[in-house]
Amino acid sequence: MTTRTTVGMLYPGHAAEDDYPLLAKLLGPDVALPLVHTTEQDVPHTVEALLAVGQPEELAAGWRQLTAHHQPQSVVWACTSGSFVFGWDGAAEQARTLTETAGAPASSTSIAFARACHAVGARRVAVAATYPEDVASKFVEFLGDGGLDVVNFGSEGIFLAGDVGTLDEAAVLALAVGGDHADADAVLLPDTALHSVAWLDALEARVGKPVLTANQVTAWEGLRLAGDTTPRTGLGTLFENRSAGGAAPATN
């Protein structure tokens with residue numbers, strides 16, 4: 001009998017959460033990605049609001065809701081901005097606290113990005129962010145503290161997460177192409193409110209290098225924590241070769 005890997009997702013608001021059922025379908029019947037919304041509000045991309053949604057009590061409440069119906073082997077705070085706004089050390093502490101609460105390995109999308117960059121051999125990266133510039137700049141700082149060099153940085157200035165979720169394939173492809181740089185080893189699209197899963201191979205074909213997106217790296221990190229490192233196709237370079245394991249200087 002095949003053992004199912006179950007990764008719990010804690011997701012704020014409503015924007016691109018439908019990426020996760022699609023991810024589960026593409027990953028196969030031996031993977032489940034149950035998701036709960038830690039807030040029903042449309043999350044503003046402000047530092048104050050993002051610090052609020054990432055508080056330990058918010059994540060603990062989401063975990064309790066998740067485990068009412070599921071038994072995850074790992075859990076990921078599926079919010080990039082709600083983790084990197086705390087800084088490198090703060091995001092590490094956030095993940096450690098969630099691990100203690102859950103009694104299971106825990107991480108966040110920000111930490112997942114750092115690990116994923118190392119896993120695909122990317123040390124110099126380009127960031128194509130949807131956030132306002134003051135928020136996006138904190139992600140650049142976070143990556144720098146994770147041993148990465150950001151060689152190009154763009155900010156779309158979108159205030160509400162829900163508005164990010166309306167961007168279509170053409171807009172997401174344009175975002176990646178516009179954010180690329182000749183010196184970058186990979187392009188990062190850091191917002192779990194951004195749809196990307198249906199277009200991962202198209203993104204890499206258009207840019208010609210690894211493209212790491214928030215919902216993609218979140219699932220990858222959760223599976224890694226649960227011990228599932230099975231290579232898979234159709235989900236970008238990150239999932240094709242899992243042997244490296246993503247040895248980033250992060251928390252878990």
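Leaving aside neighbours within four places in sequence, Thr 192 touches Tyr 11, Ala 16, Tyr 20, Ala 78, Cys 79, Thr 80, Thr 109, Ala 214, Asn 215 and Thr 218. The model in which these contacts are found is a predicted one. Thr 192 belongs to the loop that connects strand 8 (186-189) with helix 10 (200-207). Its relative accessibility is 4%, and Thr 192 therefore counts as buried, since the cut-off for a buried residue is under 20%.

**Cavities**

Thr 192 is also one of the residues that line the largest cavity. Searching the whole structure gives 2 cavities of 30 Å³ or more. The table sets out their volumes and the classes of their lining residues.

| Cavity | Volume | Lining residues by class |
|---|---|---|
| Largest | About 80 Å³ | 7 nonpolar, 3 polar and 1 charged |
| Second largest | About 40 Å³ | 4 nonpolar, 3 polar and no charged |

The lining of the largest cavity includes Asp 191 and Ala 193 as well as Thr 192. Tyr 11 and Pro 12 contribute to this lining, and both residues belong to strand 1. Tyr 11 and Cys 79, two further members of the lining, are among the contacts of Thr 192. The remaining lining residues are Val 43, His 45, Leu 50, Ser 81 and Ala 161.

The second largest cavity is bordered by Pro 56, Leu 59, Ala 60, Gln 94, Thr 97, Leu 98 and Thr 101. Two helices, helix 3 (56-67) and helix 5 (87-102), each provide at least two residues of this lining. The greatest contribution comes from helix 5, with 4 residues.

**Strand 1 and its partners**

Strand 1 (residues 5-12) has 8 of its 8 residues buried, so the strand is largely enclosed by the rest of the structure. In a regular strand, side chains point alternately to the two faces of the sheet. In strand 1, Thr 5, Val 7, Met 9 and Tyr 11 point one way, while Thr 6, Gly 8, Leu 10 and Pro 12 point the other way, and all of them are buried.

Strand 1 runs parallel to strand 2 (residues 31-32), and 2 bridges join them. Within this pair, Val 31 of strand 2 lies opposite Thr 5. Between the two strands the chain passes through helix 1 (residues 19-27), forming a right-handed β-α-β crossover.

Strand 3 (residues 35-39) is likewise parallel to strand 1 and is joined to it by 4 bridges. Here Met 9 has Leu 35 as its bridge partner.

Strand 1 also pairs in the parallel sense with strand 4 (residues 74-77), over 4 bridges. Two positions illustrate this pairing: Val 7 has Ser 74 as its bridge partner, and Leu 10 stands opposite Trp 77.

**Strand 4 and strand 5**

Which residues of strand 4 lie on each of its covered faces? Ser 74 and Val 76 occupy one side and Val 75 and Trp 77 the other, and all are buried. In addition to its pairing with strand 1, strand 4 is joined by 3 bridges to strand 5 (residues 106-108), and the two run parallel. Val 75 of strand 4 stands opposite Ala 106 of strand 5.

**Connection between the regions**

Tyr 11 links the topics of this report: the residue is buried in strand 1, lines the largest cavity and is in contact with Thr 192.

Conventions:
Residues numbered from 1 in each chain as written. Predicted model: local features only at pLDDT ≥ 70, side-chain atom pairs only at ≥ 80, totals over all residues. Heavy atoms only, no water. 1 Å grid on protein atoms, 1.4 Å probe; cavity = no way out; pocket = protein on both sides within 12 Å on 5 of 7 lines; lining within 4 Å. Points joined across faces, edges and corners; volume = space filled by probe spheres on them. Nonpolar A, V, L, I, M, F, W, Y, C, P; charged D, E, K, R; others polar. Buried < 20%, exposed > 50% of the residue type's maximum accessible area, 1.4 Å probe, protein only. Contact = heavy atoms within 4.5 Å. Pairing = 2+ DSSP bridges. Right-handed = clockwise from strand over helix to strand, strands pointing away.
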